[in-house]
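Student: I have a two-chain model open and would like to talk it through with you. Could we go through it one question at a time?

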Amino acid sequence: MRNNGSLTVTTPTDREVVLTRVFDAPRHLVFDAFTKPELLKRWFGPRGWSLVVCEVDLKVGGGFRFVLRGPDGRDMGMRGVYREIAPPDRSVHMESFDDFPGESQVTTVLVERDGKTTLTATVLYASQEVRDAVIQSGMEHGAAESYDKLAELLAAVAA
Amino acid sequence: MTRDQHLDATFAALADPTRRAILARLASGEASVTELAQPFAMSQPAISKHLQVLERAGLISRSRDAQRRPCKIEGRQLAQASGWLENYRKFWEESFERLDVLLDEMQRPKKRKPSKRGEHR
């Protein structure tokens, strides 16, 4: 099966969001997909959004610049600075959005097992207010609140 | 409480694994404190404290009738929290679905002969 894809999103503390997802690929490919512009352009962003600017300077102290353009033509820009780079299993970067105050620290860890890679990305925000603001806006589309999704959240948070 | 304060209380309540487990249990139906305490190595007073936090966050309610006072999950507050996380989840879920396709493509030459787009799966 190609898609192992059950994404879990949890909020273990007031300032963090943790994403976990399994990919059916060795971790060096996943690492590349997260760090090479020509690959990032092909997947980063939800449906209908495209990465119109994608520059990556992959070294400690180097940075990246992304601009995502939404279906309505709205741009969402973000930039970051790499703090640690240890291919193919770990990186740490600081990240900020053009439209929001504050920086967050993103720690990405890739663990490979039997040819599959588990991604764990821990995003640590400067404060709970920043975390909530970032997540609430920018990514607003179709937040249907059905009980199915409620069950999904419960499954995710109880995991 | 403002909407933000509500969300703060909800996420603070959800930050604890015991409280998440209690909510998961209540998602399948009402339960008394005794019933809720059973699967945990915890005293009833300790469970009651967790229930107070959940109740204050509006995530559960407790019936006033009789001694049993069953706890019930309150969907509205949780749905708000769910909607909040749902936006974030959507962003990454949709991105990762595209990444699955890309990773598949990157491995194709090694896994099998190049095939025409959409030939299978």
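Student: Between which two strands of chain A does the loop that holds Pro88(A) lie?
Tutor: Keep in mind as we start that this is a predicted model. Pro88(A) is joined to Pro87(A) by a cis peptide bond, with omega near 0°. The loop around Pro88(A) lies between strand E5 (75-86) and strand E6 (90-97) of chain A.

Student: Asp114(A) is not a glycine, yet it has a positive phi of about 50°. Is Asp114(A) buried or exposed?
Tutor: Let's place it before counting. Asp114(A) belongs to the loop between strand E7 (104-113) and E8 of chain A. A residue is exposed if 12 or fewer other C-beta atoms lie within 10 Å of its own. Asp114(A) has 6 such neighbours inside 10 Å, so it counts as exposed.

Student: In what order do the 8 strands of the open sheet in chain A follow each other?
Tutor: The pairing in this sheet is antiparallel. On average, neighbouring strands are turned by 20° against each other, direction ignored. Reading across the sheet, the order is E1-E2-E8-E7-E6-E5-E4-E3.

Student: Which strands of that sheet stand at the edges?
Tutor: Look for strands with a single partner strand, because one side of each is then left without a neighbour in the sheet. The strands that stand at the edges are strand E1 (8-10) and E3 of chain A.

Student: How many bridges join E3(A) to E4(A), and which residue in E4(A) is the bridge partner of Ser50(A)?
Tutor: Strand E3 (residues 50-56) and strand E4 (residues 63-69) of chain A run antiparallel, with 6 bridges joining them. They form a hairpin with 6 residues between them, and Gly61(A) in the turn has a positive phi of about 90°. As for Ser50(A), its bridge partner in E4(A) is Arg69(A).

Student: Which residue in E8(A) stands opposite Leu19(A)?
Tutor: E2(A) and E8(A) pair in the antiparallel sense, over 8 bridges. Opposite Leu19(A), in E8(A), stands Ala121(A).

Student: Which strands does H1(A) lie across, and at what angle does H1(A) run to E7(A)?
Tutor: Try looking at the helix against the sheet. H1(A) lies across E2, E3, E7 and E8 of chain A. Its angle to E7(A) is about 155°.

Student: Which element gives the largest share of the largest nonpolar core?
Tutor: This core has 18 residues, and those touching the most other members are Val17(A), Phe23(A), Val30(A), Tyr88(B), Trp92(B) and Leu103(B). Strand E2 (16-23), helix H1 (27-35) and strand E8 (116-125) of chain A give two or more residues to it, as does helix H5 (75-111) of chain B. The largest share, 6 residues, comes from H5(B).

Student: Leaving aside neighbours within four places in sequence, which residues is Trp92(B) in contact with?
Tutor: Trp92(B) is among the residues that touch the most other members of that core. With the neighbours within four places in sequence set aside, Trp92(B) is in contact with Leu7(A) and Leu19(A).

Student: How many residues are in the second, separate core?
Tutor: Its members include Leu36(B), Ile47(B), Ala57(B) and Cys71(B). The size of this second core is 15 residues.

Student: Why are the buried residues of H4(B) on the same side of the helix?
Tutor: Helix H4 (residues 44-56) of chain B has 13 residues and reaches 18 Å from its first C-alpha to its last, close to the 18 Å expected. Its buried residues are Ile47(B), His50(B), Leu51(B) and Leu54(B). They are on the same side of H4(B) because they cover an arc of only 100°.

Student: And what arc do the buried residues of H2(B) cover?
Tutor: In helix H2 (residues 17-26) of chain B, the buried residues are Arg19(B), Arg20(B), Ile22(B), Leu23(B) and Leu26(B). They too lie on the same side of their helix, within an arc of only 160°.

Student: Ala24(B) is found in helix H2 of chain B. What separates the C-alpha atoms of Ala24(B) and Ile73(B)?
Tutor: Ala24(B) has 16 C-beta neighbours inside 10 Å, so it counts as partly exposed. Along the chain, Ala24(B) and Ile73(B) are 49 residues apart. Their C-alpha atoms are separated by 9.2 Å.

Notes. Residues numbered from 1 in each chain as written. Chains lettered and ligands numbered in written order. Predicted model: local features only at pLDDT ≥ 70, side-chain atom pairs only at ≥ 80, totals over all residues. Core = buried A, V, L, I, M, F, W, Y, C linked by C-beta atoms within 7 Å. Buried ≥ 20, exposed ≤ 12 C-beta atoms within 10 Å, placed from the backbone. Helix = DSSP H or I, 4+ residues; strand = E, 2+ residues; numbered from the N terminus. Contact = placed C-beta atoms within 7 Å. Arc of directions from axis to C-beta. Expected span 1.5 Å × (residues − 1). Pairing = 2+ DSSP bridges. Axes fitted to C-alpha atoms, helices over the stretch in contact; angles between N-to-C directions.
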